[in-house]
Amino acid sequence: LLGLASSSLAVAMFGLVNFGMALAARFLWGLLSGNMAMAKTYLSEICDDSNQARAFSLLGICAGLGRLLSVSVGGFLSQPALKYPSFENRFFCRFPFFLPCLISMILGIAGFVVAWFFLIETRKQEKTTGGPKENGTAKFLKISENEDLSVQVQVVVSASKPSSPAFHSV
């Protein structure tokens with residue numbers, strides 16, 4: 001989610017600044033977004049062996065189509081003050097490449113909202129609560145959630161050992 005949010009802000013910044021700041025914005029954009037790595041990790045966690053190859057190939061196809069189509073759409077929407085009479089204003093004359101960046105930012109924010117509300121956590125939640133110590137032995141409750149949403153409770157007992165060398169001597 002951090003990658004989607006930072007990408008959206010960096011692409012908006014990219015369209016609103018001069019050349020030097022655009023390079024800095026592009027650097028931050030690349031530095032803060034690890035979206036493909038996270039997508040591959042998420043796919044590996046939710047897919048089993050029967051559909052993992054199909055899922056990864058679909059991810060590659062979508063990424064390739066996105067790279068191909070985004071250049072065409074960006075070129076079509078760039079410099080709207082020169083191409084479209086309804087965009088003839090001072091803002092688009094000063095920032096001629098902001099419109100494609102705005103569309104990209106809107107798509108990134110939409111992806112963030114969808115991920116925030118509909119993306120399911122894939123890791124099991126584990127909670128550990130500390131218990132009382134009895135005779136140098138600590139008791140802990142390990143609570144974990146299973147796939148079928150049943151709760152498993154284990155009592156973990158660990159004996160504390162002194163770290164002095166006298167304990168180890170015979």
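Start by selecting G3, S6, S7, A10, V11, M13 and F14 in helix α1. Then add A22, A25, R26, L28, W29 and L32 in helix α2, which the α1 group meets. By class, this contact holds nine nonpolar residues, three polar and one charged. Keep in mind that you are viewing a predicted model.

Now show both helices whole. Helix α1 covers residues 2-15 and helix α2 covers residues 19-32. Their axes come within 9 Å and cross at roughly 170°. An angle over 145 degrees counts as roughly antiparallel, so α1 and α2 are roughly antiparallel to each other.

Next, zoom out to the chain. Count eight helices and three strands. Walk from the N terminus: the order is α-α-α-α-α-α-α-β-β-β-α.

Colour by pLDDT. The chain has a mean of 74, and 72% of its residues reach 70 or more. Select residues 98-118: this is helix α7, where confidence is highest, at a mean of 89. Jump to residues 165-168, helix α8, where confidence is lowest, at 40.

Two more stops on the confidence map. Residues 136-141 stay under 50, and the model gives them 32 contacts beyond four places in sequence. Residues 150-170 are also below 50, with 32 contacts beyond near neighbours in sequence. Where pLDDT is low, the predicted coordinates should not be read in detail.

Finish with the surface. The chain exposes about 12800 Å², and carbon and sulfur atoms supply 66% of that area. Of the 170 residues, 18% count as buried. Among contacts with a separation of 6 or more, 31% join residues 24 or more positions apart.

Methods:
Residues numbered from 1 in each chain as written. Predicted model: local features only at pLDDT ≥ 70, side-chain atom pairs only at ≥ 80, totals over all residues. Heavy atoms only, no water. pLDDT = per-residue confidence, 0-100. Helix = DSSP H or I, 4+ residues; strand = E, 2+ residues; numbered from the N terminus. Contact = heavy atoms within 4.5 Å. Axes fitted to C-alpha atoms, helices over the stretch in contact; angles between N-to-C directions. Parallel < 35°, antiparallel > 145°, perpendicular 65-115°, else oblique. Nonpolar A, V, L, I, M, F, W, Y, C, P; charged D, E, K, R; others polar. Buried < 20%, exposed > 50% of the residue type's maximum accessible area, 1.4 Å probe, protein only. Areas by Shrake-Rupley, 256 points an atom, 1.4 Å probe, with all protein chains shown as cover.
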